[in-house]
Amino acid sequence: MAGEMMTGNLAAAWGARLAGVDYIPAFPITPQTEIVEALAEWCDCGAMPARFVMMDSEHSMMTAAGAGAAAGARVFTATSSQGLLYAFEVLYSVAGWRVPLVLVNVSRALAAPITLEPDHNDVLAARDAGFLQIHAETCQEVLDSILMAYRIAEDERVMLPVLVNLDGFYLSFTREPVIVPDPEKVAAFLPPLRPAHLGFKASAPHALGVAVLGGTPYTYFRHQMHLAAMNALQVHREAAADFERLFGRRYDVVEGYRLDDADDVLVMSNAFATKGRAAVDAARAKGRRVGLLRLRVIRPWPAEAIVTALRGRRAVGVLDQNLAPGLGGILVQEIAATLYHDPARPKAICSFIGGLGGKNIHEGEFDAIFARMEQAGKAGRGEGPVLLYTEAEHREMEQLQILASESRADR
Amino acid sequence: MTWQRETFKKIKQIPREEHVLPGTSLCAGCGGLEALRLAAKVLGDDVVYVNAAGCFTMLAAYPFTPFKGSWLYTTMGSAPAGAQGVRDALDVLIAKGRLPKRDDLKVVVLGGDGSTYDMALSSTSGAIYRGLDFYYFCYDNEAYGNTGVQLSAATPYGARTTTSPCSLQHPAGTIQEKKDIFEIWRAHKPPYIATVAPRYPLDLAEKFARAATFTGPKLFLALSACPTGWLYDPGETPEVAKLAVETGLWPLKEAINGAVTHTYIPKRKPVEEYLKLQGRFRHLFEPTKQEEAIRHIQERVDAYWRQVNV
């Protein structure tokens with residue numbers, strides 16, 4: 001396969017570099033730091049004509065990013081996990097400013113307990129902030145999605161920030177072959193940013209982010225954000241077609257794998273979808289007619305594409321790599337609501353919770369998932385949330401508990 | 001050596017043109033708005049105000065703004081970071097030829113004392129540390145005013161707020177001393193810091209003119225006498241602001257690259273004259289006079305001016 005070997009983090013940095021960003025406010029956090037390190041070096045040596053500034057927190061970083069974009073610059077920044085949550089109120093603010101910046105989030109599970117490996121409670125917490133969200137499966141897709149993200153964000157029909165997500169460790173630190181697009185072709189794909197309504201200048205003063213009094217103007221502006229986000233579905237279609245024409249790679253809002261004759265379909269997202277594909281192949285070899293649907297664009301929610309892919313199936317399983325304590329999976333709720341009104345909706349929807357804190361999903365677990373989906377489909381009754389956790393894993397946990405109690409006894 | 005004003009020697013030299021237009025929804029008699037009005041006479045219109053959550057948020061309420069310049073409302077904790085983003089973007093766009101130099105703007109943060117002393121302290125510290133070329137205008141009304149007057153780190157000892165009421169345990173009300181934000185700023189060694197008060201327009205205007213000669217952080221702490229929170233008649237704002245300075249409670253000073261100069265040396269009237277004008281200190285006088293609390297406030301002022309050594 002062509003391309004050079006690079007980590008997902010470096011691919012993200014290349015995305016920002018090729019997009020010709022003007023401004024990068026930064027703050028370090030594992031496992032994202034390598035992105036801003038690469039950008040700092042490139043800005044320093046003149047390879048990137050951008051200003052790089054180390055900020056004092058993610059809250060400040062996100063504010064500077066939004067303010068820089070509001071002033072008319074093309075802005076890139078990146079964070080992860082606790083950092084995304086530390087910036088949380090600012091996500092909502094800058095989306096309301098309608099600034100087309102791109103934020104990369106390298107998914108990492110949230111404290112407590114504190115950990116470094118990925119799940120999606122961080123990025124999904126931000127799903128209602130007004131950012132569009134693209135979730136990548138491969139390092140190549142990380143780079144390509146950043147270019148598409150700018151194209152979509154800066155479209156006058158959208159003018160919303162975009163978050164591009166990649167999984168910590170599984171993509172951030174994994175080297176895969178990545179084709180670095182030709183800058184001239186990128187220029188053809190992504191026109192220069194010349195926003196008509198952004199920018200602070202002496203000759204054209206304006207006020208942004210002003211207070212509103214009462215629900216009517218508030219509702220108006222929030223509705224505008226929703227309608228703009230929905231416009232992004234069409235804008236994404238156009239961007240995807242242009243991207244395929246120029247670079248030969250195709251990205252849709254959702255991606256199907258071996259769906260054609262699949263009775264049961266498992267829904268996944270991000271890097272673990274690669275495990276899901278392998279599991280589909282293994283299950284097919286054993287005679288199960290199963291397929292996989294990967295959610296790539298999560299905001300705007302691609303309802304039509306999801307219904308098209310899942311209608312008429314026997315059972316749908318949603319593997320949520322997140323956990324809303326007291327509810328279960330987050331994405332299964334949205335999938336179920338989306339399918340409800342379709343007359344040919346699946347007979348069963350099953351919810352599985354796995355991959356928390358980067359925990360592996362073993363082949364045997366996928367076997368069990370597909371078996372339970374088949375059973376649920378035949379019975380016409382879904383189940384879940386099923387918390388994936390094996391006996392072997394629990395034996396490992398018990399060893400840790402013994403060590404923890406022994407060290408306590410020592411004191 | 002006494003401090004000499006060079007640009008503004010007489011009141012007639014202060015421009016008549018207004019840059020903060022009337023008709024805002026701020027309280028009548030707002031000392032902070034008066035200080036900003038005077039500051040804007042020196043800053044002009046080629047300004048982008050980067051606002052933190054606070055009373056001034058209500059200056060720009062859709063579809064109105066009192067400014068002829070621009071405005072960006074950020075958050076309570078990160079207006080200096082917003083200033084960073086705007087300044088950086090303006091620099092980059094000018095350098096790349098996408099914005100004419102004549103369209104450049106001064107970047108001015110507006111923050112109340114709640115934001116300044118508490119929530120945005122790390123963001124401010126970061127901006128000063130990075131040498132950001134911006135103005136910081138803190139309207140200090142010594143409480144979380146916009147939410148209805150709660151204790152802030154700027155609330156002085158003895159003042160009553162809704163969350164530091166006078167009680168049997170705490171008859172003086174607020175028992176903490178006001179945080180010394182001037183010295184916290186000064187520890188960062190920015191090129192220019194000053195305190196100002198709206199009743200001293202020449203002093204105020206001169207300081208903004210002097211600040212303009214420096215590149216980097218220029219920070220202002222403006223006494224914002226507050227009829228709503230301090231409980232006095234809105235018409236008395238000039239008198240309250242004057243007595244804050246004349247009693248020595250609000251020293252007028254500047255620090256250039258860390259070197260402090262007091263720009264006005266008051267004869268120092270007794271603090272009682274200032275305290276008794278305001279409802280927030282009324283419990284120090286009624287039903288029984290709290291001599292010890294008043295003496296404590298007086299002693300703190302005396303100690304301050306002793307170390308000033310003028």
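**A covered helix in chain B, and the contacts around chain A**

In helix α1 of chain B, the residues B:G31, B:G32, B:L33, B:E34, B:A35, B:L36, B:L38, B:A39, B:A40, B:K41, B:V42 and B:L43 are buried. The model is a predicted one, and this helix is a convenient place to begin reading it. Twelve of the 13 residues of α1(B) are buried, which leaves the helix mostly covered. Its length can also be checked against expectation: α1(B) runs over residues 31-43, and because each residue should contribute 1.5 Å, with the expected span being 1.5 Å times one less than the number of residues, the 13 residues should span 18 Å, in agreement with the 18 Å that separates the end C-alpha atoms. Just after α1(B), the backbone at B:G44 adopts a positive phi of about 80 degrees.

From the helix we turn to two strands of chain B. Strands β1(B) and β2(B) are paired in the parallel sense, with four bridges between them, and within this pairing B:N51 has B:Y73 of β2(B) as its bridge partner. The side chains of β2(B) can be sorted by direction, since B:S70 and B:L72 point one way from the strand while B:W71 and B:Y73 point the other way, and all of these residues are buried.

Strand β2(B) also leads across to the other chain. Strand β9 of chain A, residues 207-208, pairs with β2(B) in the parallel sense over two bridges, and here A:L208 stands opposite B:L72, a residue that is itself buried.

What is the extent of the contact between chain B and chain A, counted in residues of each? There are 39 residues of chain B in contact with 37 residues of chain A. On the chain B side, the elements that give two or more residues are β1 (47-51), β2 (70-73), α2 (79-95) and α4 (121-129), and among these α2(B) provides the largest share, with ten residues. Sorted by class, the side of chain B that touches chain A comprises 17 nonpolar, 15 polar and seven charged residues.

Chain A itself is divided into domain 1, residues 4-247, and domain 2, residues 258-393. The C-alpha centres of these two domains of chain A lie 28 Å apart, and the domains meet through 26 residues of domain 1 that are in contact with 21 residues of domain 2. On the side of domain 1 of chain A that touches domain 2, at least two residues each are supplied by α6 (121-125), β6 (132-135), β7 (162-167) and α9 (215-247); α9(A) gives the most to this side, with five residues. By class, this side of domain 1 has 13 nonpolar, eight polar and five charged residues.

Two of the contributing elements, β6(A) and β7(A), also belong to a sheet. In chain A, five strands form an open sheet of mixed pairing, in the order β4-β5-β7-β6-β13. The edges of this sheet are β4 (76-79) and β13 (297-299), each of which pairs on one side only, and from one strand to the next the twist averages 20 degrees. Within the sheet, β6(A) and β7(A) run parallel and are joined by four bridges, with A:H135 standing opposite A:N165 in β7(A).

How values were computed. Residues numbered from 1 in each chain as written. Chains lettered and ligands numbered in written order. Predicted model: local features only at pLDDT ≥ 70, side-chain atom pairs only at ≥ 80, totals over all residues. Domains from an automatic or database assignment. Contact = placed C-beta atoms within 7 Å. Nonpolar A, V, L, I, M, F, W, Y, C, P; charged D, E, K, R; others polar. Pairing = 2+ DSSP bridges. Buried ≥ 20, exposed ≤ 12 C-beta atoms within 10 Å, placed from the backbone. Axes fitted to C-alpha atoms, helices over the stretch in contact; angles between N-to-C directions.
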